[in-house]
Amino acid sequence: MRKTTLIICGGMILTQLSVVVPAWANTRASTPSLPRPPYVYRSVETMVSPEDSWNQVRAQFGCLGQMIVSKNGGWLSLSFIRQSMGEAGIPSALGSRTLNFTVPKFIPVDFRRLPPHPAPGANELGIQIDGRMAAVLPWLKSAALQDSYVPSGLVMAVLRRVGVKMRWNHSTGSFTEWDIGSPVYGALTTVMSFAGGRMTSTRGDILIYRKGDNWIPADYIANSLDNAGAGITVDMQSGNGLDIRVPAGIRVNLRNLPARRGRNAHEVPIEINSRIVGYSPWLIPTYGPRTEYLSSAAVMTAVRRIGLNMHWNNTNGTFTKWFITAPPRHSGN
């Protein structure tokens with residue numbers, strides 16, 4: 001094994017990637033380089049975090065999987081690779097012998113020095129990025145296996161062409177960890193001040209960048225207001241919006257309310273004390289945290305009707321911050 005900046009595998013050439021190249025990397029998948037039973041398994045996990053908080057993670061999510069450990073190195077299961085990249089916002093589609101990753105337009109892909117590749121053979125898998133063949137890898141399939149496997153080092157070399165931060169083989173205890181910092185996500189922090197600012201409480205969560213807006217979890221809104229020390233409660237039901245209950249001692253601006261109207265399937269009302277004060281688009285993403293997200297622009301427009309000292313989207317460093325100051329009568333909390 002050696003460290004190099006050039007990898008050649010079945011006609012594949014990758015440059016400017018520092019990886020450990022197995023001695024069998026120059027062979028075709030039909031050679032005896034594939035792991036043989038009995039297979040030895042190791043647990044692996046992916047942790048996905050907002051790329052903008054890569055070095056100070058407060059919220060993350062991920063998935064668990066398996067890899068095969070052999071004298072030829074590690075082999076990752078295909079389902080684990082697909083789920084991990086999908087969680088980071090990069091979905092894939094598997095054809096007969098090709099796996100294609102679809103990368104969002106705002107994430108760069110390095111297609112430089114990408115030579116032509118032969119069609120994948122019987123024991124090979126082609127890796128495509130946005131429809132362009134980036135590699136042809138050995139592919140371990142067997143009736144005795146519940147999943148199929150590809151070499152971890154080679155597939156990581158290919159995926160590093162996608163412009164997301166990632167770190168592989170970062171061991172944590174008994175797991176081998178794959179860390180991905182995805183620009184599809186951003187970091188949220190609520191800072192609540194009490195007693196004239198002499199005490200604060202912070203909470204973190206993850207937002208999604210999508211469709212020209214950022215989207216915030218409904219439970220983040222509820223937790224932030226519930227814990228602001230102002231006696232505010234939030235009742236939320238998936239697909240039915242937010243009902244924010246504000247105590248009588250806190251002023252609420254109920255002027256210029258929107259007219260009641262029918263709503264479409266991807267829109268929910270926002271109520272304050274059972275009065276509709278706005279409508280918000282909503283979604284439950286097919287990847288990442290499986291929770292309800294609402295448009296931050298719509299939510300914050302509605303929440304600003306509550307007479308608390310608050311301001312939103314004051315970015316300090318890498319986090320989008322929401323500051324909420326409790327009213328004086330709660331200063332002892």
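In this predicted model, the mean pLDDT of the chain is 84, with 85% of its residues reaching 70 or more. That confidence is not spread evenly, for strand 7 (residues 98-101) has the highest value, at a mean of 98, while strand 2 (residues 12-21) has the lowest, at 36. Over residues 1-32 the pLDDT is below 50, although in the model this stretch has 80 contacts beyond near neighbours in sequence. Where pLDDT is low, the predicted coordinates should not be read in detail.

We can turn next to a sheet. Four strands form an open sheet in the order 6-7-8-9, and their pairing is mixed; strand 6 (92-94) and strand 9 (132-138) are its edge strands, each of them pairing on one side only. On average, and with direction ignored, neighbouring strands of this sheet are turned by 20 degrees against each other. Strand 6 pairs with strand 7 in the antiparallel sense over 3 bridges, and here Ala 93 stands opposite Asn 100 in strand 7. Helix 2 (residues 152-159) packs on the sheet, where it touches strand 7, strand 8 (124-129) and strand 9, and its direction makes about 170 degrees with that of strand 9.

Helix 2 also leads us to the interior, since the largest nonpolar core has 45 residues and helix 2 gives the largest share of them, 5 residues. Within this core, Leu 76 and Trp 178 touch the most other members. Leaving aside neighbours within four places in sequence, the contacts of Leu 76 include Val 44, Ile 81, Val 155, Met 156 and Trp 168. Another core, of 36 residues, lies apart from this one, and among its members are Ala 218, Ala 230, Ile 250 and Ile 306.

Methods:
Residues are numbered from 1 along each chain as its sequence is written. This is a predicted model: local features need pLDDT of at least 70, side-chain atom pairs count only at pLDDT 80 or more; totals for chains, interfaces and linings use all residues. Side-chain values use heavy atoms; hydrogens and water are left out. pLDDT is the predictor's confidence in each residue, from 0 to 100. Helices (H or I, at least four residues) and strands (E, at least two) are DSSP runs, numbered from the N terminus. Contact means heavy atoms within 4.5 Å. Two strands pair if DSSP finds at least two bridges between them. Axes are lines fitted to C-alpha atoms, for helices over the stretch in contact, and angles run from 0 to 180 degrees between N-to-C directions. A nonpolar core is a set of buried Ala, Val, Leu, Ile, Met, Phe, Trp, Tyr and Cys residues joined through side-chain atoms within 4.5 Å. Buried means under 20% relative accessible area, exposed over 50%, partly exposed in between (1.4 Å probe, protein chains only).
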